[in-house]
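Student: I've got a structure to look at and a pile of terms I don't quite trust. Can we go through them together?

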Amino acid sequence: MNICIIGTGHVGLVTGACFAEIGNQVICVDNDEEKIGTLKKGKMPIYEPHLEELVKKNVDEGRLFFSTLIEEGVSKSSVIFIAVGTPPKENGEADLSSVEKVCSQIARNMKDYKLVVEKSTVPVQTGQWIKRLFNLHDSHQDFDIASNPEFLREGSAIHDFLNPDRIVIGVENERAANILKELYSPIIKRSFDSSLKSSLVNHIPLLITDLQSAELIKHASNSFLAAKISFINAVADICERVGADVEKVAQGMGYDPRIVPAFLEAGVGFGGFCFPKDLQAFIQIAGKFNYDFALLKEVERINKDRPRRLVEKIEEALWVLKDKTIGILGLAFKPDTDDMRFAPSIEVINLLQKEKAKVKVYDPVAMDRAKMILKNVEYGKNPYQVAEGSNALVIVTEWSEFRDLDLAKTKSLLASPIIVDGRNIFDPAKMKKLGFVYKAMGR
Ligand code: UGA
């Protein structure tokens with residue numbers, strides 16, 4: 001099939017590369033000339049494992065192209081995916097101005113039937129707005145609108161695309177459903193040739209719904225996962241008060257097949273550009289339809305308090321923070337990404353600096369991005385440089401590199417043997433035996 005993907009962010013680029021990988025002709029369009037220039041040179045604007053090799057392979061094999069011109073993408077394709085950003089406005093509502101702009105451009109340039117698919121995470125009923133916008137244009141061309149939410153995790157996005165746990169398609173008629181079914185059939189039948197294919201899931205459910213339900217599935221899924229994290233973080237606080245261990249509590253809960261262990265890791269909370277933004281957008285859109293989603297407001301409140309809880313623990317260990325040096329390990333919002341958007345590290349550092357502590361940091365891949373955000377911090381080349389002379393070492397992101405730290409060496413470098421672990425990566429008994437003052441979350 002001939003496909004156009006508009007927006008070459010994380011979602012758009014991964015979607016484009018993967019659709020090309022399963023045999024389609026794909027043109028990825030972005031109005032950011034610098035980004036398209038970078039991509040044309042074979043360089044990736046974001047860090048995502050395997051993306052560079054996948055893009056290179058498909059460009060070399062003549063299936064993947066980049067352009068700054070929407071008209072080129074529209075004229076060459078029958079299926080157009082919208083994957084532009086939907087950032088939060090000040091009140092938390094999703095800003096749909098890029099979606100609207102792109103839709104107007106598609107409508108103006110349509111010369112024959114197009115299937116326009118929402119891939120960006122959008123509030124429910126956006127599809128109806130898009131339909132209205134297309135109907136207002138007098139191009140008299142036939143079109144369908146579909147919603148096809150993505151469930152890609154940063155750091156394993158390509159694997160997730162090619163090995164999905166479900167494919168959701170929201171449509172208004174059979175014609176649109178059939179096009180998308182055909183497009184995804186190599187993934188469902190696992191009939192494409194990729195080294196990234198794994199046989200983890202044998203049967204991939206394909207769920208066909210109306211537009212509104214597909215849109216809601218995305219917001220409801222992310223909010224539910226966020227709720228799971230805030231739930232276990234609330235339990236972690238109770239564990240601390242009563243002398244229980246949240247890791248054991250989560251383990252005991254996770255054996256229940258109705259609960260499962262995933263997303264029950266207590267810590268400094270969730271970040272990234274999906275959960276915080278989608279939670280707010282879901283609360284806002286629910287409010288617009290006169291539903292006060294108080295449950296999700298509480299999920300958000302618990303999460304916002306996590307960095308403060310971590311800093312409180314540093315204070316409990318050090319008493320006064322002023323003029324102390326705090327070493328921070330991990331800046332990205334989670335491991336295997338350089339994404340700093342809504343990363344808990346930002347608020348942790350902000351709170352420490354408010355108390356006039358000095359901050360040293362290290363992250364395996366996110367330091368370049370961090371330099372655009374963080375002020376007055378010292379960057380270490382490795383975890384040991386950060387530990388050297390610090391009064392406490394704080395784990396904010398659970399990179400595997402930190403799990404494998406030489407703890408004896410780390411202890412000898414620290415000014416005082418204090419580790420505050422915002423991700424519960426170490427065994428408290430072992431840390432005690434090694435002579436650390438070890439503080440974790442909910443243990
Ligand atoms: C999330 C969803 O997992 C994807 O399914 C979805 O497609 C994506 O958002 C999106 O909407 O685009 P992602 O933001 O990449 O993916 O990250 P996750 O792996 O879900 O982690 C989110 C945050 O939750 C991270 O900060 C992580 O550290 C935190 N987390 C996760 C916890 O604090 N505890 C846990 O048990 C799990």
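Tutor: Sure, and let's begin with domains: their bounds come from an automatic or database domain assignment. Here that assignment gives domain 1 (2-209) and domain 2 (245-439). Residues are numbered from 1 along each chain as its sequence is written. The model is predicted, so local features need pLDDT of at least 70 and side-chain atom pairs pLDDT 80 or more, while totals for chains, interfaces and linings use all residues, and side-chain values use heavy atoms, leaving out hydrogens and water.

Student: How many residues of each domain are in the contact?

Tutor: The C-alpha centres of the two domains lie 33 Å apart. Still, 18 residues from domain 1 and 19 residues from domain 2 take part in the contact, which means heavy atoms within 4.5 Å.

Student: What makes the pair Lys 288 and Glu 93 a salt bridge?

Tutor: The rule wants a side-chain nitrogen of Lys or Arg within 4 Å of a carboxyl oxygen of Asp or Glu. Lys 288 and Glu 93 have N to O at 3.5 Å, so the pair passes. Across the interface of domain 1 and domain 2, the rule finds two salt bridges.

Student: Why does Lys 218 count as a polar contact of the ligand?

Tutor: A polar contact is a pair of N or O atoms within 3.5 Å; within protein, one must be able to donate a hydrogen and the other to accept it, and residues adjacent in sequence count only if both atoms are side-chain atoms. A polar side-chain atom of Lys 218 is 2.6 Å from a ligand oxygen, so it fits. Asn 222 has a side-chain N or O atom 2.7 Å from an oxygen of the ligand, and for Leu 152 a backbone N or O atom lies 2.9 Å from a ligand oxygen.

Student: How much of the ligand does the protein cover?

Tutor: On its own the ligand has 720 Å² of accessible area (Shrake-Rupley method, 1.4 Å probe; for residues, only the protein chains shown count as cover), and the protein covers 92% of that.
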